[in-house]
2 protein chains.
Amino acid sequence: MQKPILPKGTRDFNSSELYKRNYIIDVIKDNFSRFGFNPIETPSFERSDTLLGKYGDEGERLIFKILKSGNYLKNTNSKEISDNNISFLTRKIVDKALRYDLTVPFARYVVQNQNNITIPYKRYQIQNVWRADRPQKGRFREFLQCDADVIGSNSLMQEIDFICLFDKVFADLNLEGCRIKINSRKLLIGISEIFNCQDKFSSLINQLDKLDKIERSEVKNNLLKLGFESNVVDSIFEIIDLSNDFITNKKKLKEIFKSSKFASEGFAEIEYIFSYILKNSLNNSKLIFDLGLARGIDYYTGVIFEVLPPEKISLGSIAGGGRYDNLTEIFGLKNMSGIGISFGLDRLFLVLEELDLLPDFSNNSTQIIFLNFGKDFSFDLISLTNSLRENNINCEFFPEPLSVKKQLSYANKNQIPYAVFYGEEERENKYLTLKDMKSGKQENLTLEKLIEKLRK
Amino acid sequence: MQKPILPKGTRDFNSSELYKRNYIIDVIKDNFSRFGFNPIETPSFERSDTLLGKYGDEGERLIFKILKSGNYLKNTNSKEISDNNISFLTRKIVDKALRYDLTVPFARYVVQNQNNITIPYKRYQIQNVWRADRPQKGRFREFLQCDADVIGSNSLMQEIDFICLFDKVFADLNLEGCRIKINSRKLLIGISEIFNCQDKFSSLINQLDKLDKIERSEVKNNLLKLGFESNVVDSIFEIIDLSNDFITNKKKLKEIFKSSKFASEGFAEIEYIFSYILKNSLNNSKLIFDLGLARGIDYYTGVIFEVLPPEKISLGSIAGGGRYDNLTEIFGLKNMSGIGISFGLDRLFLVLEELDLLPDFSNNSTQIIFLNFGKDFSFDLISLTNSLRENNINCEFFPEPLSVKKQLSYANKNQIPYAVFYGEEERENKYLTLKDMKSGKQENLTLEKLIEKLRK
């Protein structure tokens, strides 16, 4: 006998969880359509060539690798194996890997289908990704990402459109007070120019990316250890603090950034985006400029987004995204600026659950159950349920003539709102006895009246 | 630069394919709900213990295995590796495997959650499965299965209910003339008793299972080679032929089967099922008794199903299923008879496509595009599209002020039915110029009138 256990970091979803998850997914999906995105899907695994070398050393470690089928040691000699060079051996015995995000497969898709798509190309993709991360609250090894991207347009109108999309999704979920943070990679490059630390740009990004996980003082210490000068670190954090109140400090910031071409360009973008949002306010989210926002992913080149839940919820980001100028280039298609966003379903679920914003789907399925009073009625029960189903009513029969108590207990446990008694008396008098499981009230009805009642 | 290529046997789905696939999935899903099933989902991969040893040698070979994370050679010594005993080494370096079907994970789920589910337990599950099969028409290495199962009821009403479910799904898909074949594993056991070849039962099953792939004469030859006597083989095929016309040959068959307890029981089940279908005819499928139907899967113990497309289509089965009495036992839960069915989405898609029964979803997404006449209009375009979206109209703006010709060409290629011109004149006179992309007709409208028109 085997113990029924799940792999680490994975989950089963029962019906009640799925109805809630699907409610969120449907809101996101509907809004992707509203904003003109069409769906695509890519395979769960890609050739390992496609994925490896795209996510940095840390990402590479977290990718799930699939063993070649058949004799995977065929082209390997025993020396190679005993050398115990894991990464060398892995490339010999593995030829596929599970999707790590939706963006790299999307870039592969765009290049592979470049003759069949129209630029600018807008797609959404709602699929699982897998990462061998250490599981923790809201973080799993299999999780659903909901992505929308536009490829082939440099227009800043896209940046604004995505902010509106974030806002509309949260509005439809009745989620108030989400904080949409924006920054630009250009500003971060600019800062490294202004403070003459371009050589330490990726260290700066890495450290800033930790600001929502560890204390600011710790990040400062790390930067000092990495060779940043003390007054530079202080100045950077001064600018970060200024950035959080964009409206008040606009002039000051512009002055600071004017010495760098990159920074001026990045700042003009932020200014443009804010000028729209000031004229056309968001539904119920807040737009916040945050120069401390860095995003860990290498491929971003322009505006970046990260969305935090309402302040009362202490949980990491629920969505993110940004502009990437050269992602399709690795597969051979140049000059295709792209921008995209991603909702993380699990975090969003936790936030909505904590705020009690998930609708009750407890009786989402069976509306009515026909109780079973013996073999004589079996065929009638099947045909009665089929009549209801023809009228789009979800129903079932109880398959065994157990005691009425047991059958009603099944109905209660499954939160089925109505039960039908159909025995000798009912058959003789050509009616059905309907019991409202909540009120306990019973009434006699013809099949036609029953259908009429339930279709409402 | 890397070539953008897909792994063997996998596919990307573009929007037009996805809209059609989702149409079929929705019909199946809606009917699962109509019949009282609730959804669950299990992880894409299971612990390898859970899957290995469940599908026979052939199945085992086809399971995709996932390498342990980190140093997977840690607990392996070089001798074990150089011995080149693949299956031994595999169990050392692999700890997870991709789902091979939905039934074994479901059995694991039922046992693991036995305290939270109500018996009989009805669930549906629509998820991908993966098999390292040789790809061919309608067969892929990643494919979607749509399963419904009931656990914990012996009632034959379930068998009939599943036949009605098949029929209802095909009716809703406007698919006429599907052939729902039934048989019972009990009859096949009975036949092996009657002809005294119980020892060769699994050979018999294996050979009969090939009847829809190779010639009958070949199957007969195989059986002779496997040691079946010539007159036994002839008799078995005589009975198979009799079975296909159940109504005419009912008495004859009953006489043949009466000497075996198993066979009599199996035959009584078939008789019971037919007696319902004779009284309450199916919508547009045919029920066919076929004693030659065997089903390759080990765990079936009672009635088995296999559905063939209408006769004019030459393609294998589009759905199947059957009763299994002991599946949860491997995980430690005894006496839980189950019965389930499965639709294969890819085959169903091919059948519906060949019969031209898939609706046209070509303009399923964006209904209207706002053309771009320069930076001066950018903010207006964003806010106009947002007004439409608030009214549930799918729309987008063109992000760059390219030539009108290029912008209209984008609209045409994406099959967007309406385009809006919003330039100097329109802004001044407070209206929008709407172009019907099909007829070419243009009209001037206020935003309110436009919303009214498109909401219809």
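These are legends for close-up views of a predicted model with chains A and B.

**View 1. How the two chains relate to each other.** Turn chain B by 180 degrees, with 0.0 Å of shift along the axis, and it superposes on chain A with an RMSD of 0.0 Å. That is the relation of a two-fold axis. If you want a spot in chain B to start from, look for B:I66: its C-alpha is the one in that chain nearest the axis, 2.2 Å from it. Both copies use the same surface, since 100% of the contact residues of chain B turn up again in chain A.

**View 2. The contact between chain A and chain B.** Here 107 residues of chain B meet 107 residues of chain A. Together the chains bury about 9,200 Å² between them, and 58% of that is on carbon and sulfur atoms. Which three residues of chain B supply more of its buried area than any other three? They are B:R34, B:M157 and B:F379, which supply 8% of the area that chain B buries against chain A.

**View 3. Helix 10 of chain A and its neighbours.** This helix runs over residues 216-225, and its buried residues are A:V219, A:N222 and A:L223. Why do they sit on the same side of helix 10? Because they cover an arc of only 100 degrees around the axis. The buried residues of helix 10 pack against two other helices of chain A: helix 9 (201-208) and helix 11 (230-243). Follow the chain just past the end of helix 10 and you come to A:G227, which takes a positive phi of about 100 degrees.

**View 4. A cis peptide bond in each chain.** Most peptide bonds are trans. In chain A, though, the bond joining A:I119 and A:P120 is cis, with omega at about -5 degrees. To find A:P120, look in the loop between helix 6 (103-112) and strand 5 (121-130) of chain A. Now switch to chain B, where the peptide bond from B:I119 to B:P120 is cis, with omega near -5 degrees. B:P120 has its place in the loop between helix 6 (103-112) and strand 5 (121-130) of chain B.

**View 5. Two asparagines of chain B with positive phi.** Most residues other than glycine have a negative phi. B:N196 goes the other way, with phi near 55 degrees. You'll find B:N196 in the loop between helix 8 (185-194) and helix 9 (201-208) of chain B. Is B:N196 buried or exposed? B:N196 is exposed, with a relative accessible area of 62%. B:N392 also has a positive phi, about 60 degrees, and isn't a glycine either. The loop between helix 15 (378-390) and strand 13 (395-397) of chain B is where B:N392 sits. B:N392 is exposed as well, at a relative accessible area of 52%.

**View 6. An edge-to-face pair in chain A.** Over all chains, the structure holds 50 aromatic pairs. One of them is A:F246 with A:F289, an edge-to-face pair at 5.8 Å centre to centre and 85 degrees between the planes. This pair links distant parts of the chain: A:F246 belongs to helix 12 (residues 246-257) and A:F289 to strand 8 (residues 285-289) of chain A, 43 residues apart. A:F246 counts as buried at 4% relative accessibility, and A:F289 is buried too, at 0%.

**View 7. A tilted pair in chain B.** B:F32 and B:Y124 form a tilted aromatic pair, 5.3 Å centre to centre with 40 degrees between the planes. B:F32 comes from helix 1 (residues 15-34) and B:Y124 from strand 5 of chain B, so the pair links parts of the chain that lie 92 residues apart. B:F32 counts as buried at 0% relative accessibility, and B:Y124 does so at 7%.

**View 8. An aromatic cluster in chain A.** What makes up this one cluster? A:F32, A:F37, A:Y124, A:F162, A:F166, A:F170, A:F305 and A:F343 form it.

**View 9. Charges over rings.** In chain A, A:R11 lies over the face of A:F140, at 3.4 Å from the ring centre. In chain B, look at the ring of B:F37: the charged end of B:K122 sits over it, 4.7 Å from its centre.

Definitions and conventions: Residues numbered from 1 in each chain as written. Chains lettered and ligands numbered in written order. Predicted model: local features only at pLDDT ≥ 70, side-chain atom pairs only at ≥ 80, totals over all residues. Heavy atoms only, no water. Buried < 20%, exposed > 50% of the residue type's maximum accessible area, 1.4 Å probe, protein only. Helix = DSSP H or I, 4+ residues; strand = E, 2+ residues; numbered from the N terminus. Arc of directions from axis to C-beta. Contact = heavy atoms within 4.5 Å. Least-squares fit on C-alpha atoms with pLDDT ≥ 70 in both. Phe/Tyr/Trp six-rings, centres within 6.5 Å; stacked < 30°, edge-to-face > 60°. Lys NZ or Arg CZ within 6 Å of the ring centre and 35° of its normal. Buried area = accessible area lost by both parts, 1.4 Å probe.
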